[in-house]
Amino acid sequence: LARHALAFFGDRTLLFLAAWRGRSRCCKTLLDAGADPVAVDTFNCSPLMVAAWAGHRRAVVLLLADAHVRADVRREGSPPQTSSCGGRGAKTAAAWARRKAEAFGDTNYLQIATAISGAR
């Protein structure tokens with residue numbers, strides 16, 4: 001179940017959904033159960049991207065602890081919803097976080113972008 005993609009929901013996994021909603025304890029449980037931390041949905045968006053896009057720093061830090069995620073930080077994908085910062089098209093997780101930091105003046109997004117950039 002931890003590795004199962006939901007076809008009716010863009011091939012998103014439970015880890016993707018937990019990261020999107022900032023449920024870091026759920027993310028940890030799913031990772032411990034064998035969830036794929038670099039699985040992508042139909043828009044090439046990973047759990048790290050969606051956690052960064054949604055502003056969930058704890059989930060981002062937890063995901064970055066995985067070597068596979070750190071090796072995949074340059075992946076570009078589109079978010080699961082239209083971005084309120086006016087972003088369109090595929091971007092990296094760090095780029096989405098920087099874009100939101102600039103648009104909203106939110107230091108949380110800046111910290112997320114910095115953490116991802118430092119993981120490269």
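Biologist: Is N44 buried, exposed or partly exposed?

Modeller: N44 counts as partly exposed, at 29% relative accessibility. Buried here means under 20% relative accessible area, exposed means over 50%, and partly exposed is in between (1.4 Å probe, protein chains only). One caution: this is a predicted model, where local features need pLDDT of at least 70 and side-chain atom pairs count only at pLDDT 80 or more, while totals for chains, interfaces and linings use all residues. Residues are numbered from 1 along each chain as its sequence is written, and side-chain values use heavy atoms, with hydrogens and water left out.

Biologist: Okay. Where does N44 sit, and what's its phi?

Modeller: N44 is in the loop between α2 and α3. Its phi is near 65°, a positive value in a residue other than glycine.

Biologist: What about S46, which loop is that in?

Modeller: S46 is found in the loop between α2 (24–32) and α3 (47–54). S46 is buried, with a relative accessible area of 5%.

Biologist: Which residues does S46 contact, neighbours within four places in sequence aside?

Modeller: F16, A39, V40 and R75. Contact means heavy atoms within 4.5 Å.

Biologist: Let's zoom out. How many helices and strands are there in the chain?

Modeller: Seven helices and two strands. From the N terminus on, the order is β-β-α-α-α-α-α-α-α. Helices (H or I, at least four residues) and strands (E, at least two) are DSSP runs, numbered from the N terminus.

Biologist: And what's the radius of gyration?

Modeller: The chain has 13 Å, and a compact globule with 120 residues would be near 14 Å, so the two agree. That radius is taken over C-alpha atoms, and the globule rule is 2.2 Å times the number of residues to the power 0.38. Along the principal axes, the C-alpha atoms fill a box of roughly 40 × 30 × 20 Å.

Biologist: What share of the residues is buried?

Modeller: 46% of the 120 residues. As for the outside, the accessible surface comes to about 6300 Å², and 51% of that belongs to carbon and sulfur atoms. Those areas come from the Shrake-Rupley method with a 1.4 Å probe; for residues, only the protein chains shown count as cover.

Biologist: How many positive and negative side chains?

Modeller: There are 17 positive and 9 negative ones, and the centres of the two sets lie 5 Å apart. Lys and Arg count as positive and Asp and Glu as negative, while His and the chain ends are not counted. The place of a charge is NZ of Lys, CZ of Arg, CG of Asp or CD of Glu.

Biologist: Switching to aromatics. How many pairs does a search of the whole structure find?

Modeller: One. The rings of F16 and W20 have their centres 6.1 Å apart and their planes at 80°, so the pair is edge-to-face. The rule takes rings of Phe, Tyr and Trp (its six-membered ring) with centres within 6.5 Å; planes under 30 degrees apart count as stacked, over 60 as edge-to-face and the rest as tilted.

Biologist: Where are those two in the fold, and are they buried or exposed?

Modeller: F16 and W20 are four residues apart in helix α1 (residues 14–20), so about one helical turn separates them. F16 is buried, and so is W20.

Biologist: What about L14, buried or partly exposed?

Modeller: L14 lies in helix α1 too, but counts as partly exposed at 31% relative accessibility.

Biologist: Now the long-range stuff. What share of contacts joins residues at least 24 apart?

Modeller: 55%, among contacts between residues at least 6 apart in sequence. Take A52 in helix α3, which is buried at 0% relative accessibility. Not counting residues up to four places away in sequence, A52 touches V60, A93, A97, Y109, I112 and I116.

Biologist: And L63, what does that one contact?

Modeller: With neighbours within four places left aside, L63 is in contact with L15, A19, L31, P47, L48, A51 and V69. L63 lies in helix α4 (residues 57–64) and is buried, with a relative accessible area of 0%. L63 and S24 are 39 residues apart in sequence and 9.0 Å apart in space, C-alpha to C-alpha.

Biologist: Last one: where's D66?

Modeller: D66 lies in the loop between α4 and α5 (67–71), and counts as partly exposed at 22% relative accessibility.
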